[in-house]
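Reader: I am new to this structure and would like a close look at a single part of it, the surroundings of one residue that you choose. Please set that part within the whole chain.

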Amino acid sequence: MMKPLMIVGALVLATPVAAQQTFAAPEGCEATLTVQQKGCVMVNVWRCEADNPGDQWIALISQAGVFSVQKVDAEFQWIESYKISGNERLQTPAPDPASLTELFETQVDTWDFTLETDDGTERNVGFDMLTGETTVIDGETLLNTEYQGRTLDADGNEIEAGNGRQFVSEEHRLFFFGESWDAATPDQVIDMSPVEFIYPGEPGFFSAVPTYECNELETGYRP
């Protein structure tokens, strides 16, 4: 979908903490899915008993360690995020909340929501659209999407604008990275598409070490 799954290219992936070999879900929570992706990025997903039904937590991990943890609801609204670049929380109710239900039913979901960040508010506007095509990756059938989005500061000034193609799973009710680019530099495409989907009991489940393209990556993610 959309944003912090869109603004990864703007995050600083380097952290002073070396990546560990394993990753544990918090107490009272159940680890559900690991996704190894291109671009030396991986995702761990878990659910917690204390949360609302459908809520999920997503940790984004680079070669240097965890750089973002975010909570999404059943519609894939970004409820809260904890990042090396600062924390974020969704202002509710949103004027036009993100909705997977709307996307699946109508093929297009527009969104207009504001995040409270450590530096002020950021308004996010844009859309996700199903292309009508599907892609099977490691046995998972994913719907192909295209998106466009803009981030505006409290004064309405554009902070960034980006486009891309991603994947969405009806089964998991999650978006997964695909290709993304800044609107100002459309020739600079970042591809972080999924490669492996790993489930409990399978080798590599809830690892903390990304495995794909890590020796190639040092571009596009430097401070």
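Author: The protein chain has one helix and 13 strands, where helices (H or I, at least four residues) and strands (E, at least two) are DSSP runs numbered from the N terminus. Reading from the N terminus on, the order is β-β-β-β-β-β-α-β-β-β-β-β-β-β. This is a predicted model, in which local features need pLDDT of at least 70 and side-chain atom pairs count only at pLDDT 80 or more, while totals for chains, interfaces and linings use all residues. Residues are numbered from 1 along each chain as its sequence is written, and side-chain values use heavy atoms, with hydrogens and water left out.

Of the 223 residues in the protein chain, 49% count as buried; buried means under 20% relative accessible area, exposed means over 50%, and partly exposed is in between (1.4 Å probe, protein chains only). When contacts (heavy atoms within 4.5 Å) are taken between residues at least 6 apart in sequence, 48% of them join residues at least 24 apart.

The part I choose is asparagine 44, which sits in strand β2, residues 41-48. Asparagine 44 has a relative accessible area of 0% and therefore counts as buried. Its side chain is in polar contact with the side chain of threonine 34 at 2.6 Å. A polar contact is a pair of N or O atoms within 3.5 Å; within protein, one must be able to donate a hydrogen and the other to accept it, and residues adjacent in sequence count only if both atoms are side-chain atoms. Leaving out residues up to four places away in sequence, asparagine 44 touches Phe23, Leu33, Thr34, Trp57, Ile58, Ala59, Ile61, Phe206 and Ser207.

One of these partners deserves a closer look on its own. Phenylalanine 206 is placed in the segment after β13 (194-198), and because its relative accessibility is 5%, phenylalanine 206 counts as buried. Its phi is near 55 degrees, a positive value in a residue other than glycine. A positive phi is also found in cysteine 40, where the angle is near 60 degrees; this residue belongs to the loop between β1 (29-37) and β2, and it counts as buried because its relative accessibility is 1%.

Beyond the other end of strand β2, the setting changes. Alanine 50 lies in the loop between β2 and β3 (56-62), and with a relative accessible area of 78% it is exposed. Its C-alpha atom is separated by 8.4 Å from that of cysteine 29, which is 21 residues apart from alanine 50 along the chain.

To place this part in the whole, consider the nonpolar cores, each a set of buried Ala, Val, Leu, Ile, Met, Phe, Trp, Tyr and Cys residues joined through side-chain atoms within 4.5 Å. The largest core has 32 residues, of which Phe76, Val168, Leu174 and Phe176 touch the most other members. Strand β11 (residues 174-182) supplies four residues, the largest share of this core. A second, separate core of eleven residues includes Ala31, Trp57, Ile61 and Ala208, and Trp57 and Ile61 are also among the residues that asparagine 44 touches. In the largest core, valine 168 has contacts that include Leu100, Leu103, Phe104, Leu130 and Leu174.

For a contrast with asparagine 44, turn to glutamate 116 in strand β7, residues 108-117, which is partly exposed because its relative accessible area is 40%. Apart from neighbours within four places in sequence, glutamate 116 is in contact with Asn87, Glu88, Arg89 and Gln91, and its side chain forms a polar contact of 3.5 Å with that of glutamine 91. The C-alpha atoms of glutamate 116 and arginine 89 are separated by 5.1 Å, although the two residues are 27 apart along the chain. Proline 93 is in the loop between β6 (86-90) and α1 (100-106), and the peptide bond leading to it from threonine 92 is cis, with omega near -5 degrees.

Finally, a word on confidence. The mean pLDDT (the predictor's confidence in each residue, from 0 to 100) of the protein chain is 88, and 87% of its residues reach 70 or more. Over residues 1-20, however, pLDDT stays under 50, although the model has 68 contacts beyond four places in sequence for this stretch. Residues 217-223 also have pLDDT below 50, with ten contacts in the model beyond near neighbours in sequence. Where pLDDT is low, the predicted coordinates should not be read in detail.
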